[in-house]
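Student: I have the sequence and the structure open, and I would like to understand how the terms used to describe them are justified. Could we go through them one at a time?

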Amino acid sequence: GIKHANHTFGPEYQEDSRILILGSFPSVKSREADFYYGHPQNRFWKILWQIFGSPSEMKKGPEVITRAPSPENISEKKAFLKANHIALWDVIEECDIDGSSDSSIRNVIPVDIQRILETSTIERIFVNGKTAEKYYLKYLEPICGRSAVCLPSSSPANAAWRFEALVDEWRRLLTPSLSMFDPNSKLQPAGGAFYADKDIADGYLLLPEEYKLTSI
């Protein structure tokens with residue numbers, strides 16, 4: 001039945017996080033695991049691993065770990081996110097929900113998204129799936145004034161999408177954000193000072209010199 005539930009773990013981000021991926025609300029499995037995308041059938045970690053590869057922190061001598069972070073190894077996941085400047089959170093802080101059923105969500109209290117945006121260098125916001133998008137548009141976009149790009153859901157419930165198709169589409173949508181790691185790119189991330197005095201949704205822009213970050 002429907003029960004009131006709180007988000008039991010906080011946002012995962014660093015000051016130099018550049019990409020923020022928001023889910024809707026943690027599943028029962030994620031709440032039990034006390035971290036994001038804890039359901040073993042959720043394809044989230046495997047998708048990101050395919051796109052970003054294994055960061056240097058995870059190299060063991062000449063051998064590189066070629067598997068996604070294991071579901072139970074949260075420290076490995078955190079190192080992976082940090083190495084790739086990825087932040088994770090959800091749109092909903094509290095709600096009434098029946099188990100993990102997105103369609104049952106009622107009485108939503110959204111997260112305080114400004115908490116991340118004001119203390120990090122998030123340039124691009126993504127939502128994982130249509131439910132996250134729905135609540136982002138309703139509650140968070142009016143607060144932060146920044147649009148989000150909707151990724152097809154990594155949930156096992158999104159059976160219409162095969163794993164390979166998800167990887168391809170996530171890579172396509174995330175690719176503009178990856179230019180921030182390319183020192184030769186003319187595309188520069190806009191910092192907080194840029195957003196502070198401009199009416200702008202989000203994104204990577206060809207910026208005047210004073211807004212360019214000195215190091216990426």
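Tutor: Let us begin with a helix and a sheet, keeping in mind that this is a predicted model. Helix α5 lies across β2, β8 and β9, and runs at about 130° to β8.

Student: What makes the strands β5, β2, β8 and β9 an open sheet, and which of them stand at the edges?

Tutor: The four strands follow the order β5-β2-β8-β9 with parallel pairing. β5 (86–90) and β9 (149–151) stand at the edges, because each has a single partner strand and one side of each is therefore left without a neighbour in the sheet. Neighbouring strands of this sheet are turned by 30° against each other on average, direction ignored.

Student: How do you know that β2 and β5 are paired?

Tutor: Pairing requires at least two bridges between two strands, and five bridges join β2 to β5, which run parallel, so the criterion is met. Within this pair, L20 stands opposite A87 in β5.

Student: Why is the contact between K130 and E133 called a salt bridge?

Tutor: The cut-off is 4 Å between a side-chain nitrogen of Lys or Arg and a carboxyl oxygen of Asp or Glu; for K130 and E133 the N to O value is 3.3 Å, so the pair qualifies as a salt bridge. The two residues are three apart in helix α5 (residues 130–144), which means that about one helical turn separates them.

Student: Why is K130 called exposed, while E133 is called partly exposed?

Tutor: Exposed means over 50% relative accessible area and buried means under 20%, with partly exposed in between. K130 has 62% and therefore counts as exposed, whereas E133, at 22%, is partly exposed.

Student: How do you know that R162 and E164 form a salt bridge, and how accessible are these two residues?

Tutor: Their closest N and O atoms are 3.1 Å apart, which is within the 4 Å cut-off, so the term applies. R162 is exposed at 54%, and E164 is partly exposed at 46%.

Student: What makes E169 and R172 a salt bridge, and where do they lie?

Tutor: The closest N and O atoms of E169 and R172 are 2.9 Å apart, so this pair also satisfies the 4 Å limit. Both lie in helix α6 (residues 163–178), three residues apart, about one turn of the helix.

Student: Which residues of α5 are buried, and what do they pack against?

Tutor: The buried residues are A132, Y135, Y136, L140 and C144, and their packing partners include β2 (19–23) and β8 (124–128).

Definitions and conventions:
Residues are numbered from 1 along each chain as its sequence is written. This is a predicted model: local features need pLDDT of at least 70, side-chain atom pairs count only at pLDDT 80 or more; totals for chains, interfaces and linings use all residues. Side-chain values use heavy atoms; hydrogens and water are left out. Buried means under 20% relative accessible area, exposed over 50%, partly exposed in between (1.4 Å probe, protein chains only). Contact means heavy atoms within 4.5 Å. Axes are lines fitted to C-alpha atoms, for helices over the stretch in contact, and angles run from 0 to 180 degrees between N-to-C directions.
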